[in-house]
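Subject: Structure handover

Hello,

Here is the structure you are taking over. Please open it next to this message; my notes on it follow below.

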Amino acid sequence: MDLELFGMGADEPPRALRCHTFNGTEVTCADARPTDPLGIVNDIRPLGGLPGDGDPLERAAEEGYDSSLEAEANESYTRTERPAQGAVIRAGAGGRLSRAPSGGGSVYPCAESIFPPSGYETSALAGEIPENYLTLEFVHGYRGHDARHNLFYNAQGQMVFHAAAVGVVMDPSTRSQRFFQHHSDDIICLAIHPNHDIVATGQVGVDPVIHVWRTSDCALLASIRGFHKVGSLARFPRGLESSEQYGPDGLCASSKNTLDSSPMLGSHGAVFPRSDTCINPRLLRLYADRPLSRVAEVQCARVCNFWRPGKVPVGIGALSFNKDGTQLGTVGLDPRHSIALYDWETGADVAGGMCKGTLLASAPGGTKRIYCCAYSPFDGRFIAGGDQLLKFFTLEEGELFGTAAAYSHGARKGFAASTVLCLCFTPDGCTYAGTKGGCVYKYEEGGVKALKKYDGVHQGPVSELIFCNDYLISGGKDGKVHFHNTFMINRFTIDLSKVCESLVDDNCNALCYSAGRACYVRALCMGETSKKLAVGVATSAVFEFDVSSETSFKTGRELVLQGHAAAMDSVKKVMSGEVWGLDCHPTKGLYATCGDDRSLRLWSCSERKLLAIRKLKGRGRTVAFHPRGAQLAVGCVKGELLVLDIETSKLVASMSCGGRIHTCRYSPCGKLLAVAVGNVVKIYDSTKGVNGQYVKLEDCVGSTGDVLHLDWTKDSHYIMADTSTGELRAWEAADGDSAPFAHGSEAVDSEWHTSTCLTAWGAQGIWPEASNSIQDINACCRSHRGHWRDGDQVLAATDDFGGLRLFRYPVDVGRANFTEYHGHSAHVTNCSFTYNDKYLITVGGGDRCVFQWRHMEANEADEDTDEEDNHTYEEGKGNREVAMVQTGMVNGEAEYEPVAAADGYPNPNKNHSLAELKARRGYKSPMTGRPVMGQIHVPTGFEVDAKTTYEQSQETMRLDWVSGYRGWDARQNLFYTLGTQIAYPAAAFGVCYDPATNTQRFITDDPESDDVAEGNTDDILCMARHPNKTVFATGEIGRRPKIIVWDATNMQEMAQMAGFHRRAVLSMCFSPGDGNYLASVGKDNDHSVALYDWQKEELLTTFAGDQNPVLCVSWSPFDGTLVTTGVKHVKFCPELTSPSKPITKGARVKPKKGIISKKGKIQNFYTATFIARGKTVVGTRGGELYVFDGTQLMHAIKAHKVNVAMRAAK
């Protein structure tokens, strides 16, 4: 064998040469350098390279540099090994965060700060697997930065693609998805079967697997593994001092008795199955899975030592089915880019009930990267294209023979071996290949010669080619999709950069991340009817176009899907960037994310789509919603803090925090904002800022490591933080003083609004036994509904190993059991429950995907009904925030007027024609300062009578009739009075209608009276009737909604309560019997219940209803039990009042959750009534009547086909 010596450097000649024999072939190596203990340092390889490389006689094309391809080649799929979980420990002692960890690891500082709240006893169910569970509902993301030709339509017209470790089947018309979740790591390639129902997906990993599955039901059909894998990399026995100790077979003579004399060679080196030994794969590049004694060629490559034991990940780089779908061709990402052909439908695994495939043949693809592969549908050849490589393989008698494409015959025409990125075939049997340089080659039918070269098809790489309906369609890095005829004449073009600029949100801001830049096209696919074109781009977005004609795409276009994008690391030359920022809206089904792609995004849970995107100046790291939900704070890596209005995306405040921001969080009261900057927590006042700035109040110091997570107490008094060094600290927000953790201390006994600190008492049992880093777990969050002391809540935790775990909360045991979910690859950086616990949102770091999980309780009905029963009332007059402007001074006090932003600001110094109208001094028209005033002039000859023109009109109006009734979002609001009249609400009026006389009477404010307003002043949402049937209560919407109690006999107000509820009063009821008490439910985040002595207008007590909307409150006339019903809950307050048991001021009320068990389903409960003492009947959305005995469901009776609203009658 001819050998080439290289690698010593031109100015450093080899000192001495030694000869060694590998399978009868002499290999000459330079003598050892002093730093090389094994005596092998120089690089020696056979001339011509590895079998499978291109023809060395062919001229290589000058294609220039492409950063995306270099980043793709440098992509790393290394994963951290998951630490051992360890056994469940019921006691608090022995956990990883305890003072004596059972695994023997170091003790973290937080061990001295973990104390249970006073009076709390660990539940018998603590540490058990939770009954709640998660199902994946939607994935925002698409693998585009290092994958291509991975987007298809199946036979049903649904899109098939992959994101993270999930195969996705999506119906764009309904925005619904289903998932294939059998992969354990990143999927980087996908191929579709000719029947357009079966697909194959390949992943990365130490032992990468290829799964074949059906898109119609996501059923697994075959799992293929074993060939494209890495062997164990190990060292030879110690004590070797020179390479002369190796025998002719390449083994150490002194260790032959312990080694397998016939080692198998995997794609990463020589593996000795019965030992810990492996020859460095950079020393030997050999045929895979063949005995060393049969190898004919050896390549020695740059070696300094034999590697220590470990695993190096590889992967499946490309896949393709043949014409009839019986064979599956695969290409590995190992150093030899091995090619394997399988009969995937054979080799049944009896135990697993699936196929595992039969290897038909294999061959090395070459040392250069292979980017694409495809079976020719005409001659059955397997074709692979890569880095200045295109090879045509034929299968003959179990052997795979490859021939490189020929270009030399066309040298005068500029033909040269080029980097091939995509392949397609035309009906004439020819093969077309798109190249890195932007040209397309056409190759002869059944041969290997290039017939024609089409230059300048794209500016930059041609990344995708498909043929459909007489069009050859190409996509490139320049962001253009060209439609060519068979002669490569361009018919029309879709310019994605222009498309992105035309896609805008409700505020006319760009909705696509790629707006203003070229979209790197990675995949194209035409639908079965050839009327739809799907386009996948590198920024994790998928578009769909109507291409039924050559101009229809201009109007028929849609951004189907969009995830966070990768970012180029200009130093490491890799595609990097992660997503860390995540927070859910406090009252709506919305959430926000931000990442290293310098974008802030707002998403909708119900619509399952991106609502808005805003570009940031730096990499985003954290987001936090204000408790009122109108504003959003964004913290960036370089220390910039931005506050934006979520409706308009306009900047509200901006400031520099002076260091890297890790997290930020508003206090529950909304006044304070805590920002973690390095190891300091900075407290800002969000209400006192000027010129777009918040006012910094205090610095909370003392942490030895970076602050990672923050939690506030419900009263906004304390703030808690965990750090990168394992500390757990707390401070008083008012002055920044440290608050100690100790038994009975306020910091320990306070009610915490959230639970995101990983080392807090309530999360101590989530840590694995063998965890050796405080950052093995990245985030955790607690659900909202119920109370943690009753065991109603769960805790979700995400880790560095792609896992999402669900625990019972509090996790106050040493190590708890859990339910684990997979889908993300590598580290999952953050998680958050939506305001009503309906969804759990997670974000991936390396995969940059956003996962929306459906959170379900045990026996919960899988119904998407929450939104229809959850209304917002921000359009109400009392809820609107009105912009005001100072228009002048009156008696030394500033005078303000409302103004709409679109109409400009009034100018008090320019009244235009008001002077001409001789208006009295100080009079201001509502049109003052508006542009129209400059066009208003007094008609010629018009005489003005100043005395009468501006005096108050002497005419009056009286309300005579109201047509309407509030029914679309209200219930239980129609009653008979003591007589025959009907009482109900309409707009802001309480109405009494007399059918006998066809007349109406109203309770409303008299606009001509200067007295205190009587009646409601905004839309009435709920109504209640007193047991005497003459007194009624009406509750309205508004920022501070009022409850009016009035007499139907004279339509006069009797009492007015306001100040506690927020946004709206949802439901009310009087206590039975004497009706002295009034219960009401508000629209705040907890849907709080208030109990009033309405005759005294006195608030007696309050308690939290539920995080989900409370739709009805009812009071039992038999035993005084108060029942609240609503979205996904029914709760009981047993025997709340009776004639002998009045409600005292400040009384503590603790509702009990209704126990549904297996006799029914958790669904929306609309109303409740009572049939006996302790017997409650509840109406459900499913049309059933649920009969409760106490809090336990006893019977479920099918009554209607729709939801039930009822009232018991004697």
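The sulfur of C781 has its closest cysteine sulfur in C831, at 3.6 Å, which is too far for a bond. A disulfide is a covalent bond between the sulfur atoms of two cysteines. The cut-off applied here is 2.5 Å between the two sulfur atoms, and by this rule the protein has 0 disulfides. C781 is buried, with a relative accessible area of 5%. C508, on the other hand, is exposed, at 62% relative accessible area.

Please keep in mind that this is a predicted model. The mean pLDDT is 82, and 80% of the residues reach 70 or more. Two stretches need caution. Over residues 1–49 the pLDDT stays under 50, and the model gives this stretch 109 contacts beyond four places in sequence. Residues 899–914 also have a pLDDT below 50, with 28 contacts in the model beyond near neighbours in sequence.

Now the overall make-up. The protein has 4 helices and 84 strands. It is 1210 residues long, and 57% of them count as buried. Of the contacts between residues at least 6 apart in sequence, 53% join residues at least 24 apart.

I looked at two of the sheets. Strands of a sheet pair through backbone hydrogen bonds, either parallel or antiparallel.

One is an open sheet of 4 strands with antiparallel pairing, in the order β5-β62-β61-β60. Its edges are β5 (133–140) and β60 (828–833); each has a single partner strand, so one side of each is left without a neighbour in the sheet. Direction ignored, neighbouring strands in this sheet are turned by 25° against each other on average. The partner of β5 is β62 (residues 850–856), and the two pair in the antiparallel sense over 7 bridges. Within that pairing, L134 stands opposite H855 in β62.

The other is also an open sheet of 4 antiparallel strands, and its order is β41-β42-β43-β44. Here β41 (579–584) and β44 (609–615) are the edge strands, each pairing on one side only. From one strand to the next, the twist averages 20°. In the middle, β42 (residues 590–595) and β43 (residues 599–604) make an antiparallel pair over 5 bridges. T593 has R601 in β43 as its bridge partner.

Next, the nonpolar cores. Which residues touch the most other members of the largest nonpolar core? They are L151, M159, F161, A796, L840, F851 and W853, in a core of 44 residues. F161 is a useful one to display: leaving out residues up to four places away in sequence, its contacts include L151, V166, V168, M170, L190 and L561. Among its other contacts are G141, Y142, N150 and Q177. A second, separate core has 35 residues, including F741, V748, C757 and Y809.

Last, a loop position. Is K413 buried or exposed? K413 is exposed, with a relative accessible area of 62%. This lysine lies in the loop between β26 (399–404) and β27 (420–425). K413 and K452 are 39 residues apart along the chain, and their C-alpha atoms are separated by 8.7 Å.

Regards

Note on methods
Residues are numbered from 1 along each chain as its sequence is written. This is a predicted model: local features need pLDDT of at least 70, side-chain atom pairs count only at pLDDT 80 or more; totals for chains, interfaces and linings use all residues. Side-chain values use heavy atoms; hydrogens and water are left out. Two strands pair if DSSP finds at least two bridges between them. Axes are lines fitted to C-alpha atoms, for helices over the stretch in contact, and angles run from 0 to 180 degrees between N-to-C directions. pLDDT is the predictor's confidence in each residue, from 0 to 100. Contact means heavy atoms within 4.5 Å. A nonpolar core is a set of buried Ala, Val, Leu, Ile, Met, Phe, Trp, Tyr and Cys residues joined through side-chain atoms within 4.5 Å. Buried means under 20% relative accessible area, exposed over 50%, partly exposed in between (1.4 Å probe, protein chains only).
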